[in-house]
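Colleague: Give me a close look at the nonpolar core of this one, please. I'd like to hear what builds it, and then what lies around it.

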Amino acid sequence: MKIAVIGAFGKSGQAIIHEAKQRGHTVLAIAHRDHPDITLGADRLLIKDLFDLTKADLADVDAVIDAVSAWTPATFAVHTTGISHLASLLAGTATRYLKVGGAGTLYINAEHTQMLKDRADYPADWLPLADVLVASLNRLRSYSNLAWTYVTPAFNYDATGAATGHYHVDGEDYLATDDADSYISYADYATGMIDLLESGRYVRQRITLVGGER
């Protein structure tokens with residue numbers, strides 16, 4: 001399988017590329033600027049802004065994994081307008097589109113009217129990003145001709161955690177009774193991401209990857 005990973009030099013992107021290559025997939029790494037000090041191990045590196053990508057750039061890939069990170073209001077558009085741009089390139093094709101999401105978008109009530117980000121103790125400095133990720137998820141839900149999957153990591157998403165090979169798939173609800181129990185390492189998240197891509201499951205669904213066996 002040929003997989004394009006956008007946001008290749010981010011921590012999620014690096015972990016996903018490593019996992020994909022471990023399994024023998026061909027990887028096109030895409031980033032808006034190069035980081036010569038980081039060795040990705042991808043088959044090809046394309047330095048190009050997300051908004052400048054064309055259909056030709058993605059014409060021969062089986063899947064696009066969007067691992068772009070944007071932490072400031074000036075760059076938040078990659079999570080919303082960026083999705084619209086990628087949808088214009090991929091809609092109506094068989095190419096899978098998988099978006100690395102955020103736990104703040106998970107529902108905390110049965111009616112699905114409140115999200116984790118609405119909880120009183122949710123970190124205030126995380127709210128702007130959580131709000132834009134809600135907007136990006138809503139935008140994805142509007143595309144019925146795009147084979148998308150929104151893949152939310154657990155609340156505690158650990159860049160330095162071990163690769164255990166154990167994780168489970170939850171839905172859209174935040175099920176942890178203690179935040180400490182909602183945990184996954186980047187390595188195990190990457191394992192889950194490539195597993196679900198290889199399985200072909202969860203098209204036009206939002207899921208959550210949580211460390212450990214259910």
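Modeller: By a nonpolar core I mean a set of buried Ala, Val, Leu, Ile, Met, Phe, Trp, Tyr and Cys residues joined through side-chain atoms within 4.5 Å, where buried stands for under 20% relative accessible area. Keep in mind that this is a predicted model.

On that footing, the largest nonpolar core holds 31 residues. Inside it, the residues with the most contacts are Ile-16, Ile-65, Leu-98, Val-151, Tyr-189 and Met-193. Two or more residues each come from strands S1 (2–6), S2 (26–31), S4 (63–66), S5 (96–100) and S10 (205–211), and from helices H1 and H4. H4 supplies the largest share of this core, 7 residues.

Ile-65 is a good place to zoom in. Skipping neighbours within four places in sequence, Ile-65 is in contact with a run of residues from Ile-3 through Ala-4 and Val-5 to Ile-6, plus Ile-16 and Leu-98. The list of contacts for Ile-65 is completed by Met-193, Ile-194 and Leu-197.

That brings us to H4 itself, which covers residues 186–199. Its 14 residues should span 20 Å at 1.5 Å a residue, and the end C-alpha atoms are indeed 20 Å apart, so the two values agree. H4 is mostly covered, with 10 of its 14 residues buried. The buried set takes in Tyr-186, Asp-188, Tyr-189, Ala-190, Thr-191, Gly-192, Met-193, Ile-194, Leu-196 and Leu-197. Just past the helix, Gly-200 has a positive phi of about 75 degrees.

His-25 has a link to H4 as well. It sits in the loop between H1 and S2, and it counts as buried because its relative accessibility is 8%, below the 20% cut-off. Beyond four places in sequence, His-25 touches Met-1, Ile-3, Ala-20, Asp-43, Ile-194 and Glu-198.

There's a second, separate core too, with 29 residues that include Leu-86, Ala-87, Leu-89 and Leu-133. For the helix in that region, look at H2, residues 81–90: 7 of its 10 residues are buried, so the rest of the structure largely encloses it. Those buried residues are Gly-82, Ile-83, His-85, Leu-86, Ala-87, Leu-89 and Leu-90. Their cover includes S1, S4, S5 and H3. After H2 comes Gly-92, with a positive phi near 80 degrees.

Now for the empty space. The largest pocket contains about 1200 Å³ and is lined by 43 residues, with Val-68, Ser-69, Ala-70, Trp-71 and Leu-129 nearest its centre. Helices H1 (11–22) and H3 (127–141) are the elements that give two or more residues to that lining, and H3 gives the most, with 4. By class, the lining counts 27 nonpolar, 11 polar and 5 charged residues.

One last buried spot is Phe-155, in the loop between strands S6 (147–153) and S7 (156–158). At 17% relative accessibility Phe-155 counts as buried. Leaving out residues up to four places away, Phe-155 touches Ala-103, Leu-116, Tyr-122, Trp-126, Tyr-174, Asp-179 and Ser-182. Ser-142, by contrast, is 13 residues from Phe-155 along the chain, with 25 Å between the two C-alpha atoms.

Key
Residues numbered from 1 in each chain as written. Predicted model: local features only at pLDDT ≥ 70, side-chain atom pairs only at ≥ 80, totals over all residues. Heavy atoms only, no water. 1 Å grid on protein atoms, 1.4 Å probe; cavity = no way out; pocket = protein on both sides within 12 Å on 5 of 7 lines; lining within 4 Å. Points joined across faces, edges and corners; volume = space filled by probe spheres on them. Nonpolar A, V, L, I, M, F, W, Y, C, P; charged D, E, K, R; others polar. Expected span 1.5 Å × (residues − 1). Buried < 20%, exposed > 50% of the residue type's maximum accessible area, 1.4 Å probe, protein only. Contact = heavy atoms within 4.5 Å.
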